[in-house]
Structures are given as structure tokens and as C-alpha cells.
Amino acid sequence: MMSDKSPSVIVMRGITKRFGSVVANDNVFFTLQKGEIHGLLGENGAGKTTLMNILYGLHQPDSGEILINGVHSHIKSPHDAIARGIGMVHQHFMQVPTFTVIDNVILGLQPFYRPALDRRHARQRLLEIAHLYGLSIDPDAYIWQLSVGDRQRVEIIKALYRNVRILILDEPTSVLTPQESEDLFHTLRRLVENGLSVVFITHNLEEALAITDRITVLRNGKAMATLPSVHATKEELASLMVGRQVLFDIPTLDLPDVSVNEVLSVEKLSVKGDRGSLAVRTVSFSVHQGEIVGIAGVDGNGQSELIQVLAGLRAPYEGRFFIKGREMTNASPREILQAGVGYIPENLEDALIPSFSLLENAVLDTHYTPPFSRNGVLDFRNIVRHARALIQSHDVRVPDEMAKAAVLSGGNKQKFIVARALARNPQLLIAAHPTRGIDIGAEEYIRNLLLQKRKEGMAILLVSTKLDEIMSLSDRILVMERGRIMGEMLREEATIERIGMLMAGSEA
Amino acid sequence: MLQKIVLWTHKRTSNWQQMPDWLSSLLVILLAFLIGALFIIAIGASPLAAYGALLRAAFGSVNGFAETMIKACPLLLAGLGISLAYRAQFWNIGAEGQIYAGGVCAAIVGLYLHGLPTFAHITLTLLAGMIGGALLGFFPALFKVRLGVNEMITTLMLNYVVIQVVAYLLHGPLRDQASGITISPQLLKSAWLPIVVERTRFHLGVLLAVGLALLIHWFIYRTVLGYQIRASGENRRAARVGGIRVNWVIIWTVLLSSALAGLAGAVEVSGVQHRLVEDFSPGYGYLAIAVALLGNLEPVRVIFSSILFAALLNGADAMQRAAAVPVPVIYVIEGVVIVLVAVSIFRRKGSL
């Protein structure tokens, strides 16, 4: 932990930033000390990234001032920020996939009038940096050949190559396996040992506690507190983040009777991804009535493709699947919905028409059936009744049903989507990342709703990258890694370590 | 100070973006006329006199108004068709060809189907025009959903094919041997759309088009297919996830869209020309794109934008005669409207 006497390399004072009517940062005070890892903690939309984008020169604050090493500074652009020693690694990497690592690192550094690239010198420096900070990388590999973890290292090297002394990382672990995260943490410690300072943006409490020296919690654009990590507890941070106590108790579940009806059965399913390679490799499993089956895994290991096939949105390559004993392998989305499936897609945007009112969105998946239409004409009396019922019974916060879907917050959108899917009374619910990117209140509500539906006998297939969600909701857990199911376990047998190993591709 | 200005313009632009789009359409028109006025002044004429002559010619007499409306009619029908297609994000720029295809099919039915009562013959003539247009729209739609072929290219290229086919027919099989020029014989009288306002060319097709605009408004907002057209255009993925058969919707949308453009051609042949003429559409199919966009793809508003463009077409000559302002000034106004409409559309999309 840093002592308070360490000099502040960055002081952000009274930072306010508005986007239209939304206040993204509200009079925020933030300091970064030399040689510390400073966690910036908050829910999605709390203003963490905005604050750091201001420091990185991507946004200009509406008011407030920034001091770098005690000097007032106007950071006009990222170029300006890098010149002052501030680097940032975004969630989306800024890389040219058809270039090599080394070319990406030196991209933009050499004046255009110097025709030949000095790769020899660059390689030497790159390797020195990589060695010093424990960043293993092949300088001649092409970006497209690299894993996400490698690409993140390239991004860090890029910043270090430009002599930054302050490194901002935006949700760096969201794309990494637990093991890759450990490597990253190791690198970050090396960085601060060498006198650099790191800002670590995250919404993950445990990570924040594990890696940082101090934590600043943001909520609704305001800085709630800055506290040393060693004195902080999970519960305290969580209540700062959401403004109230959050219960981390896992509800006890009675065991489902798996001898009863099998609702979904998947047999040796293989699916090709967008790049034409197999994204799902001979996967078999089943989901029974009254059971939640959770699929864990790092994003991008075939979960999306699997779910899309089950929803009829993508053709399988090999294998079959059955819903209530009926083969639905090549069925259309409509046939699958009508076979009794509710579907919560992984992206909110795939479930709502932004320019439509909630009224019209309420029947997106049912408008072509009675009582919402007859003889091809919509029956708005029934649609209004239905939309109001969805909004009221699930506490969706909107002025009224005529509001456009685009104006809802993420949490309210998702509550609405889940409500709509459940209103069909499906026998199988496919829920892909149902709580991703939404506030804790809505998250809690949706989780409880899933548990309640399970109790009522619904079969639920849950895909999530959040281990706590998988472990607290699922009766059975499957772990996917590179398109295969690496392991299957009952909830009682599951530990974070075991799932983490499987997610990283090693047999437990 | 600078920051104040930046803040002020920022506030302004955000207000600008919140402006209702009908108001922004009106501002676009106003601005276009202002820019047109600059050109008129540069020529040394009086904008007030020029615009006065234009308005008088377009709306100042029963006959002038009738002439404006019969020009608005094909613009409105094709504009409605384009609005439907664009709602589904199918960028049909083949309305011109569909107008010609509709005109040819209508002419053939109107020329050769003898012995029918007037009502039946007119109905069949217009129906033939719609089928002709729809046929031309069908293939680009099919190629789009089956093979992913860009519809802008296929619909545009088909325009030239059809226009050449019409030229061939008028030089060959359909040519009126009695006439020295390349026109077909007159349609049978039973295939002529009746005149509504006496001593003018104001025909029944105008009322039909306005009625269709209201019907299509209802269709878009109140029917299942209308809902699916809008949903498929606004968010294709979400529509698919919701069980909408997007490809099927696109095919039907384009059939309706091109049938309306075909009807525009049929109405022009059966209501105004009474025969097939080689260049019977002075680019109605292209102008209708601007009509649809200025009307913001809202059928009822497309009525007004079609009348505006028709008034410009109709009043241009009068303006040239009365105020000595050359016709191309009108093209400037049209051009400015199109550019500004395009800008406002991209601005809206960009800000969303």
C-alpha cells in the first residue's frame, strides 16, 4: 500500500462531463499516486470509462481541472496524452490484424517522410520491454494469429514503447481466462515496481481487492469514496457501488427431479463460426424440466454460436437437437419459438427495435398470433393491455408504454425482454448473458425470476461468463472451452478453481 | 469566450437534433428557396416575381392546379412505393424502370383488350401496370435475399434495360404506323381514366393516389405486414430473433413497392398520355426518391412533398416566361432539397 506522502502524478479535480442530458461525471475528484495500482470501481454506466477517456484526451471535461505532476494541463487528444506519459488500453484493441506485432507497435511513430522502417532497433527495444515486465510475445507474429490475451499484451507494449509512465486499463480482465488474468496481474506489479502508475477500471469486486492498492468507487457519475484496498471489504465496496447492502447469499435449491421430462436434448452438435472454422465441436447435453443448466466459459468459446443454433438463427454443421422430443435441428426461429422456447439473446439490441415504442416491442415475438392480431391486422387494445401488464408486473421504469425502447436503461430493457419472453410461458428458456451490463438491482431481480420459473417447472439453459451467477443459479454446470464441453458437474461439486481450470482448457 | 461559443453551438445543435422532422423538412424547403433566390438575384431578376410566377402557374388557376396534380400523381405513387421499400431498408432505385414496365403492360392491355366495359377495362389496365412493375422488382428482391446481391445495383441497371425495351417496342411492334414519331396508337377509350374536373386533365388517378397514401399509412402502422416491414428495416436481427421471416417480408415489400411504381406508369399512360410514349416519364422514378425522403417515408407527408416537386416541374416554364429566370434555377432548388434531405437523414442516423 502506498503511503499518503507518495507524490500524486495525477490530480483530477471537480471533473464534470455531460452527454446531452446525461451527467456521466459529476464533480469527480480523483488522484493517482506514483507507483500505485488504483482501482476504479463501479457498475456499467457509472462513469469510469468516461473519466479515464477525459484523462486520455478523448473527451474534454465540461468543467474541472487536471494536474499532471502538479502542473495544470489541458489534454487535447490521445496524442497529447501519450506525449505527457499517459497511455490507455481500451476494451477494443486498436490494432491492424494483418500487420505483425512489431509493425503495430511502431505504427504511427515514424515520420512519413522516412521511407524505411527501422525494425531492427524497434525489435530490440520491444524485446527489452517485454523482458523487463514479463510480457511474453513473438514480435513477428501477425495480430490475427494471436489470442486475445496476447493482443492485450501487444496493446500494453505499445503504450510502454511510447514511454508512458501512467497506464490506464479499461476492464482488462473481461476477455481473459483466470490464468491469463494472473499473468496480467503479475505484469502490473512489475510495472509499479518500476515506478509506473496504473489505473485499473473494473466492475469486479474481487479483482479490485486482489490487485489494487487503492480503490475509488464511482456511482452514477459521482466519486463515492477512495479507500485503501487492505481496509476495504467486499460488502463495503458493493454497497458503495449500488448504494445499499447487497446479499451475497446463494439461495439453497431443492434438487430437480431429472428423471422427468427432458425438454432440450442436444446430440453431437457442431457449428461453424463466422470465420468458417468449427466454433462448436460435437457437443451433447440435455436440459430437463425444473432444471437450470449453466454454461460457463470465457466469452468467445462457442457459446454464442451454440445458442444461435438453438434459437434457429444459425445452421448447424453436424448433429441434431430436440425440443420436447421433436427434432428442431433446421427449424426457423419462429418454429422454435412456437415449439415453446423463450429466448433472451446475448445482446440487448437483438431483442428490441430502438425506434419502436414499448407497446410495439411488447409483441415483437407474438404480434402475428391472436389475440394481438387477426386476419393480418394488429389489435392494439390487446397489445396495450399486454404491454402495460409487462411493464407493471416487472417494474420496468418508463414514463408509459409509448416511450421508445431506446430511452430505457440497460437494466430496464433487459427486464422488459425477460418479461416478454416469460409471458409466452415457454417450457424452455434460453437465457444468454441475461444480466450482462445491467445494474445490480435489475440483475438481482432477473436472477430471482429465473429461480422462481425453475421452481414452477421451466427448463432453463443459462449462458454466462459470470462465475458467481452460474454457480448460484445452476443445478448443473457445463464448461465450454474452444467449442468443446470441457467438463460437467453438479452444483455441489463446483468450485471456482475447478471451473477456472476447465475454462482455461485443462482437464480438472 | 471560445468555450462559451462551443457550449452555445453545442446546445444549439442538440436542439436542432431534437427538432421534429416535419419542421426540419419545412426548413429544408425554405432554405432551398432562399438559395434559389440568390441565383435569381445573381441573374439580375427579382426572386419575388419569379417565385410569384411559379406559384401562380402551379396553383393560381383551376387548370394550373390540375396540371400540378397530374404531375404529382406519378410522383406520389412511386414515392409511396419507395417509402415502403426504404422502410424495410431495401434501397430500391429502380422506380423509373418499374414505371416504364408498368406503362408498357398497361398500354398493351389498354390497346388490345377489346369489348370490355369501361370500369373493368380500367381496372385491368391499372392491374397490368402493377404486375409489370412488381415483376421488375421481384428479381432484385430475390437476388438480394437468396444471393445477397446489392439491390441498388440491380434495380438501377434494370432501369436501362426496361427503357431500352420500351424503345424497341415503340420502334417495332407497338409503333403507330400512322404517326411519324415513335409512339403507340391511342388506347381504347374504355381504358382511359375518367376526367374528374372538367376542361382540365385532372383524372381519377389523382384521387386514387391520395386514397392509396391514406391506405398505406394505415397499412404500415396497423397491419402485421406493416409492422414486420418496419421491424425488419429498423433492426433486422431483432426481427429475426422475434420470429419474423425477414426474407419473406423483404420480397413482399419490394413487390408492393414496385407494383406502386408500376401503377404510377399505368396511371400516366391511361390518365394523361393515353398512349405509350418513348419518354413518358421525365425521371419521375428518380425524383420520387427525393419525394419519399422529403416526406420522411410517411405516406401522408409524401402527398405534400409530391405536390411540391410537381409544382416546381409545372411552374418552371411559367417562371422562365414571366420573370425571365431560366428553368435550371428550379433544378438548383431541387438539388438543394435533395442534398439537405440527405444531410438531415445522415445527421439523424449519425446521432442515434
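Biologist: What distance separates the centres of domain 1 of chain A and domain 2 of chain A?

Modeller: In this predicted model, the two centres, taken over C-alpha atoms, are 34 Å apart. The contact between them takes 7 residues from domain 1 of chain A and 8 residues from domain 2 of chain A. On the domain 1 side there are 3 nonpolar, 3 polar and 1 charged residues.

Biologist: Which residues belong to which domain of chain A?

Modeller: The domain assignment gives 8-242 to domain 1, 251-340 + 427-508 to domain 2, and 348-425 to domain 3.

Biologist: Now the two chains. How many residues of chain B are in contact with chain A?

Modeller: The contact involves 16 residues of chain B and 26 residues of chain A. On the chain B side, α9 (224-234) and α10 (236-241) each supply at least two residues. The largest share, 5 residues, comes from α9(B). By class, the chain B side has 6 nonpolar, 5 polar and 5 charged residues.

Biologist: Next, a helix. Why do the buried residues of α8(B) line one face of the helix?

Modeller: The general idea is this: an α-helix has 3.6 residues a turn, so residues three or four places apart point the same way. Here, α8 of chain B covers residues 204-222. From first C-alpha to last, this helix of 19 residues reaches 27 Å, close to the 27 Å expected at 1.5 Å a residue. Gly205(B), Val206(B), Ala209(B), Leu212(B), Ala213(B) and Ile216(B) are its buried residues. Seen down the axis of α8(B), the buried residues fall within an arc of 110°, so they line one face. Gly211(B), Leu214(B), Leu215(B) and Trp218(B) are exposed on the other side of α8(B).

Biologist: What do the buried residues of α8(B) pack against?

Modeller: They pack against three helices of chain B: α4 (62-87), α11 (246-273) and α13 (299-323).

Biologist: Is Ile99(B) buried or exposed?

Modeller: To count as buried, a residue needs 20 or more other C-beta atoms within 10 Å of its own. Ile99(B) has 38, so it is buried. This residue sits in helix α5 (residues 95-112) of chain B. Leaving out residues up to four places away in sequence, Ile99(B) touches several residues, among them Pro74(B), Ala78(B), Ala261(B) and Tyr284(B).

Biologist: Turning to chain A, in what sense do β9 and β10 of chain A pair?

Modeller: Strand β9 (residues 214-219) and strand β10 (residues 222-228) of chain A pair in the antiparallel sense, over 6 bridges. Leu218(A) stands opposite Ala223(A) in β10(A). The hairpin has 2 residues between the strands, and Asn220(A) takes a positive phi near 50°.

Biologist: Where else should I look at the backbone?

Modeller: Most residues other than glycine have a negative phi, and most peptide bonds are trans. Lys324(A) has a positive phi near 50°. Its place is the loop between β14 (318-323) and β15 (326-327) of chain A. With 17 C-beta neighbours inside 10 Å, Lys324(A) counts as partly exposed. Asp395(A) has a positive phi near 55° and lies in the loop between α12 (380-393) and α13 (410-423) of chain A. Asp395(A) counts as exposed, with 12 C-beta neighbours inside 10 Å.

Biologist: Which form does the peptide bond from Pro370(A) to Pro371(A) take, cis or trans?

Modeller: That bond is cis, with omega near 5°. Pro371(A) is found in the loop between α11 (358-361) and β17 (373-374) of chain A.

Methods. Residues are numbered from 1 along each chain as its sequence is written. Chains are lettered from A and ligands numbered from 1 in the order in which they are written. This is a predicted model: local features need pLDDT of at least 70, side-chain atom pairs count only at pLDDT 80 or more; totals for chains, interfaces and linings use all residues. Two residues are in contact if their C-beta atoms, placed from the backbone, lie within 7 Å. Helices (H or I, at least four residues) and strands (E, at least two) are DSSP runs, numbered from the N terminus. Ala, Val, Leu, Ile, Met, Phe, Trp, Tyr, Cys and Pro count as nonpolar, Asp, Glu, Lys and Arg as charged, and the others, Gly among them, as polar. The expected span of a helix is 1.5 Å times one less than its number of residues. The arc is that of the directions from the helix axis to the C-beta atoms. Domain bounds come from an automatic or database domain assignment. Two strands pair if DSSP finds at least two bridges between them.
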